[in-house]
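The following exercises ask you to read a structural model step by step, with a worked solution after each task. Please have the sequence and the coordinates open before you begin.

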Amino acid sequence: MLANGGTGTDRRTGGIGPVPAPDFRRTGPEDFADEDYIAPQVWVHDRRGIPYYYKHFHTVANKVRLEGPHRGFIDIVVHRSPEHNQPYNARVQENHLWLAYFYTNRSRWNMYYGMPEVKHRLEAVLEHLLTLQSPQGAFSEYGWEQYNLPGTSFTLQFLGQTVRLLEEARAADPGFPFIDEKLYDSVIEASRKGIVHVLRDGAFWKHGTGYTNQYTLIWSASAAYLAYRPDAGIETSMKERYRQASAAFISPAGFYYENNGFDMNYNVGVHIQNMMADYHYFKDTPMEQEMIAKESRFIEWLSYNLVLEPDGSFFTSNAAASGRTASSHYERKDIPLAEKLPQARAFVRTREEVAAEIAEARRSIAKDGMWPHVPELALTGGNAYNPYGLYNRIMYRYAPTEAERAEAVARLPYRARDRFNHQRIDDRSGLQFTYVRRPDYYAAFNAGPHRAKAQSFGLGLLWHPAGGIMLSSQTEHPSLQASRGLSWGTRSGDGSRVYESGDVIPAYAVRGEAQSPAAGFGDLAEGDLEIKYALGADGAKTLHFGEDGIFVDIRHPARFEERIPLMIAPEDRIAVGKGQVVLQRGTAMLCITFDEAAEARLVPQSFGLYRYQLQMLTLGADETLTYTMKMKSLAD
């Protein structure tokens, strides 16, 4: 055995030996630093720390092909989806970041530091990755020579961090066994060529204005390159594109464009991820203030569309109008920019929570005498062994105090004010978002032309200040059974979807005075708000947002049902009676009254939202239906 645990050359094959499994008899939980136990906050309920990735590293590393065909391909389904885990997909190779991490990490527990077997595989992975680049600089994703923006921008993002780890290791240890210099020079040149191509190619830019998460990666990828290879041309191009993106990438309503519309999952997932890397490089530079100004619009958008439970445990998102993915709801994430943008602190973990998370992780990692007590490696792709599990850990970190976060939460618009009518309008997609706050409720209503099968409009959420989320409409994504058929709205007797999963182009009035939606955002006049829109060719629906509740009137030429997705906690009490449904949660009560002739049914669904289960209330009626939703605090 080598001193570092490797086996060197395999004499039976004349090739390099396998990467050995870690020997956990030589390490204990105390050998890992606190930061090694911090969850990366990429996936919901994911608490995997570095010990998980350390345990399974040899399994992944040994699946790197060391002989042809496609030498260097990471031939194990732990990152991308199984159907896309192919040698032509540059994104499969992103796990080179984990190879670089363990190869360059000098922590005393890490047996892989400088190990030849790891170096050999890291070089092979990078060599194969370089074969997937076009002469112009793009990388392929979904087929041989099928070059695209995401294949390129995500590749450049992770390459930048692998280069960073290698450079930091060389600077810290003059004797560090660096990778092959010719290969390294080729990686640097591939990075330069790719960055220049993304920044200057008109087709990539046009595509990026519609799928912005795929382009915004280039800010940090460029900055990572410039940290070791100053280049005035790249720096100038990056800054020019960054300024152009302020108007081209962010809707006047405040969200980042996805599919030239809105998608909550990409906004709270990938974009917040990209912001983390941007701040790592732009912090305390001339770019910082420009970043704050741009992202403050996005954070303000989130402040209207993420509603916080009274106990602060999670946010429910106004996501049903999303155009790419299923509904996405939200635990707190890491947003280091919150250090300079105080309102973002409402959405992040506090220092106290991070400390408690570390303490709990240290307790559970050796649970029942098992060390390390971590999940098995699932060979299902996705996030089983994903480079984002590392990416967040090597970026700048910031967490506010409990008091600092409480101040930001108090400034959330539905917390700071108890009465307003507010609209946010996007002129590119035609999407219209209306928010109504009254002392006993907060509601979001979404409208616009239907451009994606996933979208569902109408009432998106209903929230009570003491009870939390009461109603939450979901997307109608055709490939995701979990959320299909779970949106709010009116469905004809023989229909498969609600009318709201189609065009919803309303007329608005406040106190009887017509309102004309205009691109941008702002408060409407105070007073009762009325929203009217068509249901198909012959029906009509009116919502009246009053001081003490929401009144709904439906006219339809045949049998129909109204679908109301209620969120029910285990301790809730709900009663369905003739002409009335009452939901009680602690001191909060939602009372839905309707025509006694309507047929009411409450059907539990498999869809869950943290501690809540969605139960669909349906009201069957012929030709007409009126119902009212009122909420109050029993303490009143």
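**Exercise 1. Locate Pro372 and characterise the peptide bond that leads into it.**

Solution. Pro372 belongs to the loop between H11 and H12, where helices (H or I, at least four residues) and strands (E, at least two) are DSSP runs numbered from the N terminus. The bond to Pro372 from Trp371 is cis, its omega being near -5 degrees. Before going further, note that this is a predicted model, in which local features need pLDDT of at least 70 and side-chain atom pairs count only at pLDDT 80 or more, while totals for chains, interfaces and linings use all residues. Residues are numbered from 1 along each chain as its sequence is written, and side-chain values use heavy atoms, with hydrogens and water left out.

A cis bond also joins Gly68 and Pro69, with omega at about 0 degrees, and Pro69 is placed in the loop between H1 and H2. That loop between H1 and H2 also holds His70, whose phi is near 60 degrees, a positive value in a residue other than glycine.

**Exercise 2. Determine whether Gly381 is buried or exposed, and list what it touches.**

Solution. Start with the position: Gly381 is in the loop between H11 and helix H12 (388-391). Its relative accessibility is 4%, so Gly381 counts as buried, given that buried means under 20% relative accessible area, exposed over 50% and partly exposed in between (1.4 Å probe, protein chains only). Next, take its contacts, defined by heavy atoms within 4.5 Å: not counting residues up to four places away in sequence, Gly381 touches Val77, Val78, His79 and Arg80. Finally, compare sequence with space: Gly381 and Ala366 are 15 residues apart in sequence, and their C-alpha atoms are 27 Å apart.

**Exercise 3. Check the length of helix H11 and find where its buried residues lie.**

Solution. Helix H11 covers residues 351-364, which is 14 residues, and at 1.5 Å a residue it should span 20 Å (the expected span being 1.5 Å times one less than the number of residues); the end C-alpha atoms are 20 Å apart, which agrees. Its buried residues are Val354, Glu357, Ile358 and Ala361. Viewed down the axis of H11, these buried residues fall within an arc of 100 degrees, so they line one face of the helix; the arc is that of the directions from the helix axis to the C-beta atoms. An α-helix has 3.6 residues a turn, so residues three or four places apart point the same way.

**Exercise 4. Explain why helix H1 is described as largely enclosed.**

Solution. Helix H1 (residues 50-61) has 12 residues and reaches 16 Å from its first C-alpha to its last, close to the 16 Å expected at 1.5 Å a residue. Because 10 of the 12 residues of H1 are buried, the helix is largely enclosed by the rest of the structure. Among the buried residues are Tyr52, Tyr53, Tyr54, His56 and His58, and what covers the buried residues of H1 includes helix H2 (96-104), helix H3 (116-130) and H12.

**Exercise 5. Classify the geometry of the ring pair formed by Phe315 and Tyr330.**

Solution. The structure holds 56 aromatic pairs, where rings of Phe, Tyr and Trp (its six-membered ring) pair if their centres lie within 6.5 Å, and planes under 30 degrees apart count as stacked, over 60 as edge-to-face and the rest as tilted. For Phe315 and Tyr330 the ring centres are 5.7 Å apart and the planes stand at 70 degrees, so the pair is edge-to-face. Phe315 lies in strand S6 (residues 315-317) and Tyr330 in the loop between S6 and H11, so the pair ties together parts that are 15 residues apart in sequence. Both Phe315 and Tyr330 are buried.

**Exercise 6. Describe the surroundings of Phe457.**

Solution. Phe457 is found in the loop between strand S9 (441-447) and strand S10 (458-464), and with 1% relative accessibility it counts as buried. Leaving aside neighbours within four places in sequence, the contacts of Phe457 include Ala321, Leu431, His450, Trp488 and Val504. Trp488 has a further partner, since the charged end of Lys541 sits over its ring, 3.7 Å from the centre; this term requires NZ of Lys or CZ of Arg within 6 Å of the ring centre and within 35 degrees of the ring normal.
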